[in-house]
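Me: I am new to this structure and would like a close look at a single part of it. Please take me through one sheet, strand by strand, after a short word on the chain as a whole.

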Amino acid sequence: FLTEGIGMHRNFNKHDNKKMNSKFKGEPQKRKQKTDTVMQTKITSLFPVRRSTRKCKSDLKNIEDAFITQCIMVNKEDGLEMKHIEGKGRGVVTNKPFRKGDFLCEYAGELMSRKEAVKREIEYAEDPNIGSYMYFFSYKGLDYCVDATKETNRLGRLINHSKNDYNAVSKLIPVSGRPHLILMASRDIGIGEELLYDYGDHSKESIQAHPWLEK
C-alpha cells in the first residue's frame with residue numbers, strides 16, 4: 001500500500017517570479033519533495049495463519065476414554081432393544097446403525113473376586129432355572145468376575161454368543177480404579193442386526209456342557 005505525501009501548490013505569473021527571484025536572491029529556494037511512505041505490513045495480516053486442527057493419538061485416546069467413561073456412568077444403551085430370537089430365547093438387536101469401534105453397552109452386574117464367584121456358581125448350578133451370566137476376567141494381576149445373573153433392565157447380560165459371526169467385542173475400562181466390562185462394535189452394524197460376541201470359553205468341559213459355545 002502506498003501513501004503519497006500531500007503539499008500546498010500555488011501558481012505564479014512571470015511578474016511574481018521576478019519578485020520572488022529578487023527577494024530571495026543569493027538564497028537558493030528549497031523545493032519540498034514529495035515522499036512516498038511504504039506501510040510496513042506483516043504477511044500474517046493479509047493472509048491468516050492456517051493452524052493444524054489434527055490431534056495426536058494420545059489426545060484422541062483421552063477424548064475416547066472420557067466419552068466411554070461418561071457412557072458407563074449414565075448407563076448408556078441407546079440404539080439397543082431386547083427381542084425374542086428364534087432358537088435362542090432373548091437377545092439384543094440394534095434399532096440404529098453403529099460404526100466399528102462404537103460403544104454399545106456395559107456388561108453390568110456385581111463385581112466380585114474369582115474365589116467368591118466360584119462359590120456362587122456352585123450354588124447356581126443346583127437350580128436348573130438359573131442360567132449362566134458370570135463373566136470371569138483378570139485385571140492388574142487379579143482375577144475377578146462380573147455376576148449378571150440377577151434380573152435387571154440392563155441389556156449387556158442378554159447379548160448372545162457367537163464364535164465365528166460376532167459383531168461385538170468386550171473391553172476392560174477402569175473408572176476410578178474399578179474395572180468395567182463394556183461391549184464395542186467390532187465392525188459396522190446395521191439396523192435390526194442381533195448383537196453377538198465370543199464369550200471366550202472354549203474349554204472341553206464348557207463345550208460338553210454347552211455345545212452352542214462352538215458355534
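Reply: Before turning to the sheet, it helps to know that buried residues account for 29% of the 215 residues in the chain, and that what you see is a predicted model. The chain holds 5 helices and 12 strands, and of its contacts between residues at least 6 apart in sequence, 67% link residues that are at least 24 apart. Its exposed surface comes to about 16500 Å², with 51% supplied by carbon and sulfur atoms.

Some caution about confidence is in order: the mean pLDDT of the chain is 81, and 67% of the residues reach 70 or more. Among the elements, strand β1 (residues 2–4) has the lowest mean pLDDT, 40, whereas strand β5 (residues 103–106) has the highest, 98. Over residues 1–24 the pLDDT is below 50, and this stretch makes 16 contacts in the model beyond near neighbours in sequence.

The part to look at closely is an open sheet of 3 strands, arranged in the order β6-β8-β7 with antiparallel pairing. At its edges lie β6 (110–113) and β7 (134–139), each of which pairs on one side only. The neighbouring strands are not lined up exactly, since on average they are turned by 30° against each other, direction ignored. As general background, the strands of a sheet pair through backbone hydrogen bonds, in either a parallel or an antiparallel way.

Take first the pairing of β7 with β8 (residues 142–147), which is antiparallel and runs over 6 bridges. Within this pairing, Y139 stands opposite L142 in β8, while M134 faces D147 of β8. The two strands form a hairpin with 2 residues between them, and here K140 adopts a positive phi near 55°.

On the other pairing, β6 and β8 also meet in the antiparallel sense, this time over 4 bridges. One residue to find there is L111, whose bridge partner in β8 is V146. In general, the side chains of a regular strand alternate between the two faces of the sheet.

One helix completes the picture, and it can be followed from the pairings just described. Helix α4 (residues 114–125) packs on the sheet and touches β6, β7 and β8, with a direction that makes about 110° with that of β6.

Conventions. Residues are numbered from 1 along each chain as its sequence is written. This is a predicted model: local features need pLDDT of at least 70, side-chain atom pairs count only at pLDDT 80 or more; totals for chains, interfaces and linings use all residues. Side-chain values use heavy atoms; hydrogens and water are left out. Buried means under 20% relative accessible area, exposed over 50%, partly exposed in between (1.4 Å probe, protein chains only). Contact means heavy atoms within 4.5 Å. Accessible areas come from the Shrake-Rupley method with a 1.4 Å probe; for residues, only the protein chains shown count as cover. pLDDT is the predictor's confidence in each residue, from 0 to 100. Two strands pair if DSSP finds at least two bridges between them. Axes are lines fitted to C-alpha atoms, for helices over the stretch in contact, and angles run from 0 to 180 degrees between N-to-C directions.
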